[in-house]
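Hi everyone, thanks for making room for me today. I'd like to walk you through one structure, so please have it open and turn it along with me.

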Amino acid sequence: MFSETPSNSKSRTAAEIPARAGAGLKPEHVAEILETGADVGFFEVHAENYMGAGGPPHRQLEAIRERYPLSLHGVGLSIGGEGPLDGDHLKRLAELNRRYEPGLFSEHLAWSTHDTTYYNDLLPVPYDEATLARVCDHIDEVQDVVGRPMLLENPSTYVAFEQSTMSELEFLKEIARRTGCGLLLDINNVYVSCINHQRSAEDYLAAFPMSAVGEIHLGGHAPDTDDAGRPLLIDAHDREVDAAVWTLYETVVRRHGSLPTLIEWDNEVPEWPVLQAETQAADRILAGHDTAALRQAV
Amino acid sequence: MAGSDAAPKIGAPEFANALLNADAPSPPGLIGPDGKAAPKRFAVYRNNVIVSLCEALGQTYPAVRTLLGDDYFNALARAFVTDHPPSSPVLIWYGGAFADFVEAFPPLQDYPYLADVARAEWAWLQAYHAEDAAPLDPAVLGSIDPEKLASARFVRHPATSRVSSEWPLADLLRANRFSPGDGAHIDLGAAQSLLITRPDLDVDVVPLRPGGAAFVDALLSGAGLGEAAGLGADASAEFSLSDCLSDCLGAGAFKGLETN
């Protein structure tokens, strides 16, 4: 079954991601999801976990893809890196896109590879002209090789660069304008970064270029403190979505309408019903928006 | 956004160097909201890199982790990660050098079986992610002209490998990975080599009988059945061709059979 080309997609559910809540797919949840036919809008996977030749990961993903729309989320391409993109890795991403026909494909505004070393973290970039030009070139290359538009995710950051000459928002808007890529709005990242840099998350979201947004991410963060004892939030994806992030999300949905919304929970992964309950909470907010819109229309 | 020309330019080299070097200072020009240097903030990145890579290693080597205990394993993993950071963003391929690192790690010289346990766990991971293929149907053997059997060559299944050891590898893996806490006694004097493969969804770990390692090695390197049987018999007086062949075929070690 693995050598088959996407012609087997005839038996698949449609690729398009609905404006509903989805969940990050974890191998330990797959059997329960398939057995119960869980009512979830879509699933999202980290592309790098499916770059082996075969075996259980692909078998599971094929079964999920037959029944659910799928979103493919890369975590290791190092689009913000100083060197050229890893051509082999880009080809692997293109192959996964061809094989699974995901409804969305996204990556991060971050770097993770320098020289020959991969650092396995989403590391920050300075917001200056040189970096902007490089990131745009890389995104052009990605969209060219993969053959489809991508979404770029806003980062969560712990430090700022003294050398930055523009704001993160200006930087993201200009990337979307120059490359035509969409944006993945991670509202937990917005909250984490705004707390960490003592800015207003409400203002950031009010100015976000929402017309470019194709997906929203929500996830949990861990509280810490910095050198001066100020709050420092860590983008840990190890717990429920924080109440403050839910509030920001409701505001965005009320103002801009429904968008595909992913719940990320990558560490301290809970039992499936706990994660599913988070998707249901997001679905209620999305449905509430629809009801409100309907009432206005009548 | 001042972005003054006087601001230090932090490139990836400066940032990267300070990530894996715990003694390196936080690069200048990385600041907190007050515009001042913020080493504790930079340390979040350093911690993310090291801890996530140690976790990746722990997922690949659960038996080594159990044998050493979490604290010792994490210290060892930290040393490995710093010396051998990954070169690919595909972490399912990370850590192949761990067995050799463990073998050469001076404080672990009294535990020489650890490196072989790591080699077996690496082979398990390769089998898990290997290309899928239907294993050879053992019945095919019966359809072969007996005169051609001795020169017949088996085609390796993509998931198949063999790990040899002077230690009881199968027992060590069972007690520390597959059935922890079963309390079975492990005789450290009993050498066990393993055949590892994955005919369908589950990885099979098969202890090889006497002479089996030499026999399997010969088959996997393309020798004919007759020659491989001879090498198995040379390796052990207890070698049984029918038992060893039946173990291999039962495990699904091959995907084809070629006759001349």
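I'll begin with the model as a whole, then move to chain B and its contacts, and finish with the strands and a few single residues of chain A.

First, please keep in mind that this is a predicted model. For the complex, the predictor gives an ipTM of 0.93 and a pTM of 0.94. Chain B averages a pLDDT of 94, and 98% of its residues score at least 70. As a general reminder, where pLDDT is low, the predicted coordinates should not be read in detail.

Let's look at chain B. Its secondary structure comes to 11 helices and six strands. What is the radius of gyration of chain B, set beside that of a compact globule of 260 residues? The globule would be near 18 Å, but chain B has 24 Å. You can see the outline in the box that its C-alpha atoms fill, roughly 85 × 40 × 30 Å along the principal axes. Of the 260 residues in chain B, 42% count as buried. If we take the contacts in chain B with a separation of 6 or more, 64% of them are between residues 24 or more positions apart.

Now for the place where the two chains meet. Here 44 residues of chain B are in contact with 43 residues of chain A. On the chain B side, α1 (12–20), β1 (30–31), α2 and α6 (113–129) each supply at least two residues. Which of the elements gives the most to that side? That would be α2(B), with 10 residues.

Let's stay with α2(B) for a moment. This helix covers residues 39–60 of chain B, and at 1.5 Å a residue its 22 residues should span 32 Å; the end C-alpha atoms are 32 Å apart, so expectation and model agree. Its buried residues include B:Phe42, B:Tyr45, B:Val49, B:Leu53 and B:Leu57. Also on the buried list are B:Arg41, B:Asn48 and B:Thr60. While you look at that helix, recall that an α-helix has 3.6 residues a turn, so residues three or four places apart point the same way.

Over to chain A and its strands. We can step across them one pair at a time. Start at β10(A), residues 213–219, which is joined to β13(A) by four bridges and runs parallel to it. In that pair, A:Leu218 stands opposite A:Ile263. The strand β13(A) covers residues 261–264: A:Thr261 and A:Ile263 point one way, A:Leu262 and A:Glu264 the other way, and all are buried.

Next, β13(A) pairs with β1(A), again in the parallel sense, over three bridges. There you'll find A:Ala21 opposite A:Thr261. From β1(A), residues 21–24, we go on to β2(A), residues 43–46, with a parallel pairing over two bridges. A:Gly24 faces A:Glu44 in this pair. Between these strands the chain passes through helix α1(A), residues 30–36, in a right-handed β-α-β crossover.

One more step takes us from β2(A) to β3(A), residues 70–73, which are parallel and joined by four bridges. The bridge partner of A:Val45 is A:Leu72. The chain makes this crossing through helix α2(A), residues 56–67, and this β-α-β crossover is right-handed too.

Now some single residues. A:Ala47 lies in the loop between β2 and α2 of chain A. Is A:Ala47 buried or exposed? With 26 C-beta neighbours inside 10 Å, A:Ala47 counts as buried, because the cut-off for that is 20 or more. Leaving aside neighbours within four places in sequence, A:Ala47 is in contact with A:Leu72, A:His73, A:Gly74, A:Leu93 and A:Leu96. So you meet A:Leu72 again here, the residue that is the bridge partner of A:Val45.Lastly, two loop residues with a positive phi. A:His237 has a phi of about 50° although it is not a glycine, and this residue sits in the loop between β12 (231–234) and α8 (243–256) of chain A. A:His237 counts as partly exposed, with 19 C-beta neighbours inside 10 Å. A:Glu268 also has a positive phi of about 50° without being a glycine, and is found in the loop between β13 and α9 (272–297) of chain A. With 11 C-beta neighbours inside 10 Å, A:Glu268 counts as exposed.

That's my tour, and I'm happy to go back to any part of it.

Terms used: Residues numbered from 1 in each chain as written. Chains lettered and ligands numbered in written order. Predicted model: local features only at pLDDT ≥ 70, side-chain atom pairs only at ≥ 80, totals over all residues. Pairing = 2+ DSSP bridges. Right-handed = clockwise from strand over helix to strand, strands pointing away. Expected span 1.5 Å × (residues − 1). Buried ≥ 20, exposed ≤ 12 C-beta atoms within 10 Å, placed from the backbone. pLDDT = per-residue confidence, 0-100. Rg over C-alpha atoms; globule rule 2.2 N^0.38 Å. Contact = placed C-beta atoms within 7 Å.
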